[in-house]
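Me: Please take a close look at the salt bridges in this model, and describe where the paired residues lie and how far they are covered.

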Amino acid sequence: MSDTPGWASPGSPPPERGPEDGSPPQAPQPQPPQSPPPPQSPPPAQPPAQPQGWGAAPPPPHQPHHPQPQPGWGGGPHQPGGWGGWHPHTFAAKPGVIPLRPLGVGEILDGAVSTTRAHWRTVLAIALGIAIVTQLIAAIAMRLWVSDSSGLAALEDNPNPSDEQLRDALGDLAAFGSVTGLITILGSVLATAMLTIVVSRAVLGRSVTFAEAWQDSRSRLLRLLGLVLLVPLIAALAVAVPVLVGALTGSAGFTVLTTIGGIVLAVWLWVRLSLAAPALMLERQGVIAALRRSAKLVRGSWWRVFGIQLLVVVLLTVVGSIIEFPTSMIAGIVAGNGADSFFEGTVSDMSWTYLAVSGIGAVIASTITLPVSAGVTALLYIDQRIRREGLDIELARAAGVGTPPQGS
């Protein structure tokens, strides 16, 4: 029997010839008994192909798997319905955490939270591990270079410090800022890389372990580090150059105008380049190519991307403050400084007990906010690709939910 038109199962017998073939009928000949042919096993089911960068689809049991990358995830031809409009069909399958269509702001936020809930073991292992290491190093740096700093203590008690005291204070602050800044950048790179992989699998409705997220992201870490360092440098130069030009003119009013213009330019560039990290991770782009890709996806949607990113920053800042405020109050009480130490305390009052208790709140806040921040950025990138390039069709095919019917 043919399973599909024009295809026959291997090993099927040839058709018998009869009178309609023009040959005389043959007398039946006795045939020796034959054993029945062995049952034919159906061909192995092939896993659905998926866009490049989403991670390999799980193979069927006992079958080898050879994933085939599909065009479109790396910037294929545009599909109908891009540039923010709805597609001509009403298909909106939801194999994972988001429906496969252009997303609203609430759906992007809900998708980031749903990813955390659906894959909480992997997300918790990534976010909690990074938060603990980052906060531990920051607390040690705070104790060594801030709380025990003789230069900073002298500045608190002396309104007219000497040059030596100023140098000591600035040196301690520089050391503290360098250590905490470096560990924060490294933690951000690692969290962004691994959590972006988790989100990309969650969109397709597939699970991912910590080991799989690490395996898929580790080869991109150095490039992502370069990207994370380059974007703030570009924004800083956007502010510094206009300020320097204004200062060279000697006009205070013109300097103020150039400073404001530099800040506006820095914000504009930050939004234009804000989708470069998921482009680098999921499209396997280089640093410069990822920056160009982000600028292309944001073009024409700058205010929308800016509004969503700003909303997320405000929400996560409020959530983090709500979590950290009571633990800081408790830290002051446990350390023996009283509940008012949070408002009246100085850097010299930060004992190891205070840093340990307040650090618990910082770890909890980071564990909650890191996955949401990375998830929103990744989903905003996916949404822009759905709007511009019809990525929902590729995602539906990759998730195995079929291609949406055209014109329905």
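**Salt bridges and their surroundings**

Reply: In this predicted model, a search of the whole structure yields 10 salt bridges. Three of these pairs are described in turn below.

In one of them, the side chains of Arg201 and Glu212 meet, with an N to O distance of 4.0 Å. Arg201 belongs to helix H4 and Glu212 to helix H5 (residues 210–217), so this pair ties together parts that are 11 residues apart in sequence. The two partners can be described by their cover: Arg201 is buried, because its relative accessible area is 7%, and Glu212 is partly exposed, because its relative accessible area is 35%.

Helix H12 takes part in the next pair. Arg293 forms a salt bridge with Glu389, and the closest N and O atoms are 3.0 Å apart. Since Arg293 sits in helix H9 (residues 287–298) and Glu389 in helix H12, the contact ties together parts separated by 96 residues in sequence. Both Arg293 and Glu389 are buried.

A further salt bridge joins Asp383 to Arg304, with 2.8 Å between the closest N and O atoms. This pair links distant parts of the chain, with Asp383 in helix H12 and Arg304 in helix H10 (residues 302–334), 79 residues apart. Asp383 counts as buried because its relative accessibility is 0%, while Arg304, at 25%, counts as partly exposed. Beyond single pairs, Glu283, Arg293, Arg385 and Glu389 are joined into one network by salt bridges that share partners.

Helix H12 also has a part in the surroundings of a cavity. The count comes to 1 cavity of 30 Å³ or more, and the largest cavity holds about 40 Å³ of space. Helix H1 (105–118), helix H4 (163–203) and helix H12 (352–389) are the elements that each give two or more residues to its lining. Among the lining residues are Ala112, Val123, Leu195 and Pro371. By class, the lining divides into 6 nonpolar residues, 3 polar and no charged.

Helix H1 also contains Ile108, which counts as buried because its relative accessibility is 0%. The C-alpha atoms of Ile108 and Val376 are separated by 6.1 Å, although the two residues are 268 apart along the chain.

On the surface, Val133, Leu136, Ile137, Ile140, Leu144 and Trp352 form a nonpolar patch with about 540 Å² of accessible area together. Helix H2 (residues 120–147) gives the most to this patch, with 5 residues.

Methods. Residues numbered from 1 in each chain as written. Predicted model: local features only at pLDDT ≥ 70, side-chain atom pairs only at ≥ 80, totals over all residues. Heavy atoms only, no water. 1 Å grid on protein atoms, 1.4 Å probe; cavity = no way out; pocket = protein on both sides within 12 Å on 5 of 7 lines; lining within 4 Å. Points joined across faces, edges and corners; volume = space filled by probe spheres on them. Helix = DSSP H or I, 4+ residues; strand = E, 2+ residues; numbered from the N terminus. Nonpolar A, V, L, I, M, F, W, Y, C, P; charged D, E, K, R; others polar. Patch = residues over 30% accessible without salt bridge, like charges linked within 9 Å, V, L, I, M, F, W, Y side chains within 5 Å. Areas by Shrake-Rupley, 256 points an atom, 1.4 Å probe, with all protein chains shown as cover. Buried < 20%, exposed > 50% of the residue type's maximum accessible area, 1.4 Å probe, protein only.
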